Amino acid sequence: MAQKVNVADLPLQQLEALRGQLEQETEFLTSSIQQLKLVQSKYVESQESLNKLSPDNTGKDVLVPLTSSMYVPGKLQDVNLVLLDIGTGYYVEKGVTEARAFFNRKLEFLTKQIEKVQPALQEKYTVKQAVVEMLNQKIQHMAALNNPQSSTAKA
């Protein structure tokens, strides 16, 4: 069970360390969400490409990707079967209907993962803001103690 600590009771050094840790965690979670959204957009693009396949396109010229930046010309022969990249260099031949179902499952999974990470990110961000606020208050309090003339000059 997690132990709750009042941030107001922490010394300045621990507050600074906690702020740094929370900053790293929020950056990690933000990066994770961005990566999930990037993968999600790739599946959406693939799904859109799948939707453009039709019997009318049989025999048409296409550019076939060999790498992310190199394409070769080709002709579209079969619009009923597609190759799906299922990860780690493996491809599976599927029918268009099966491929649509595959993309829908992947998109649903990614959406659920994003929905799981977003509340954790929001919670970390809220805690980080509270720690930063407490840190600023302690620094201002210490500055006022070290320089009593500035507090009397304001009054």
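This report describes the overall form of a predicted protein model and then four of its residues.

**The chain as a whole**

The protein chain contains 3 helices and 4 strands. In sequence order, these elements follow the pattern α-β-β-β-β-α-α.

The C-alpha atoms of the chain occupy a box of roughly 85 × 35 × 25 Å along the principal axes. A compact globule of 155 residues would have a radius of gyration near 15 Å, whereas the value for this chain is 27 Å. Buried residues account for 20% of the 155 residues.

Contacts between residues at least 6 apart in sequence can be sorted by how far apart the partners are along the chain. Of these contacts, 57% join residues at least 24 apart.

The exposed surface of the protein chain comes to about 11800 Å², and carbon and sulfur atoms supply 55% of that area. The chain has 17 positive and 17 negative charges, and the mean positions of the two sets are 2 Å apart.

**Helix α1**

Helix α1 covers residues 12-51, which is 40 residues. At 1.5 Å a residue the helix should span 58 Å, and because its end C-alpha atoms are 58 Å apart, the expected and computed spans agree. Within the helix, the C-alpha atoms of L12 and K42 are separated by 45 Å, with these positions 30 residues apart along the chain.

Which residues of α1 are buried? They are L15, L22, T26, L29, S32, I33, L36, Q40, Y43, Q47 and L50. The buried residues of this helix pack against β3 (81-87) and α2 (96-146).

**Four residues compared**

The table lists the location and relative accessible area of three residues of helix α1 and one loop residue.

| Residue | Location | Relative accessible area | Class |
|---|---|---|---|
| T26 | helix α1 | 5% | buried |
| Q47 | helix α1 | 16% | buried |
| K42 | helix α1 | 49% | partly exposed |
| T88 | loop between β3 and β4 | 75% | exposed |

The cut-offs explain these classes. T26 is buried because its relative accessible area of 5% is under 20%. Q47, at 16%, is also under 20% and so counts as buried. K42 is classed as partly exposed because its 49% falls between the limits of 20% and 50%. T88 counts as exposed because its 75% is over 50%.

The two buried residues in the table also have contacts with residues elsewhere in the chain. What does T26 touch, leaving aside its neighbours within four places in sequence? T26 is in contact with L121, K124, Y125 and K128. On the same basis, leaving out residues up to four places away, Q47 touches R100, F103, N104 and L107. Q47 and A101 are 54 residues apart along the chain, and their C-alpha atoms are separated by 9.8 Å.

**The loop residue T88**

T88 belongs to the loop between β3 and β4, where β4 covers residues 90-95. What is notable about its backbone is the phi angle. Phi of T88 is near 50°, a positive value in a residue other than glycine. Most residues other than glycine have a negative phi.

How values were computed. Residues are numbered from 1 along each chain as its sequence is written. This is a predicted model: local features need pLDDT of at least 70, side-chain atom pairs count only at pLDDT 80 or more; totals for chains, interfaces and linings use all residues. Side-chain values use heavy atoms; hydrogens and water are left out. Helices (H or I, at least four residues) and strands (E, at least two) are DSSP runs, numbered from the N terminus. The expected span of a helix is 1.5 Å times one less than its number of residues. Buried means under 20% relative accessible area, exposed over 50%, partly exposed in between (1.4 Å probe, protein chains only). Contact means heavy atoms within 4.5 Å. The radius of gyration is taken over C-alpha atoms; the globule rule is 2.2 Å times the number of residues to the power 0.38. Accessible areas come from the Shrake-Rupley method with a 1.4 Å probe; for residues, only the protein chains shown count as cover. Lys and Arg count as positive and Asp and Glu as negative; His and the chain ends are not counted. The place of a charge is taken as NZ of Lys, CZ of Arg, CG of Asp or CD of Glu.
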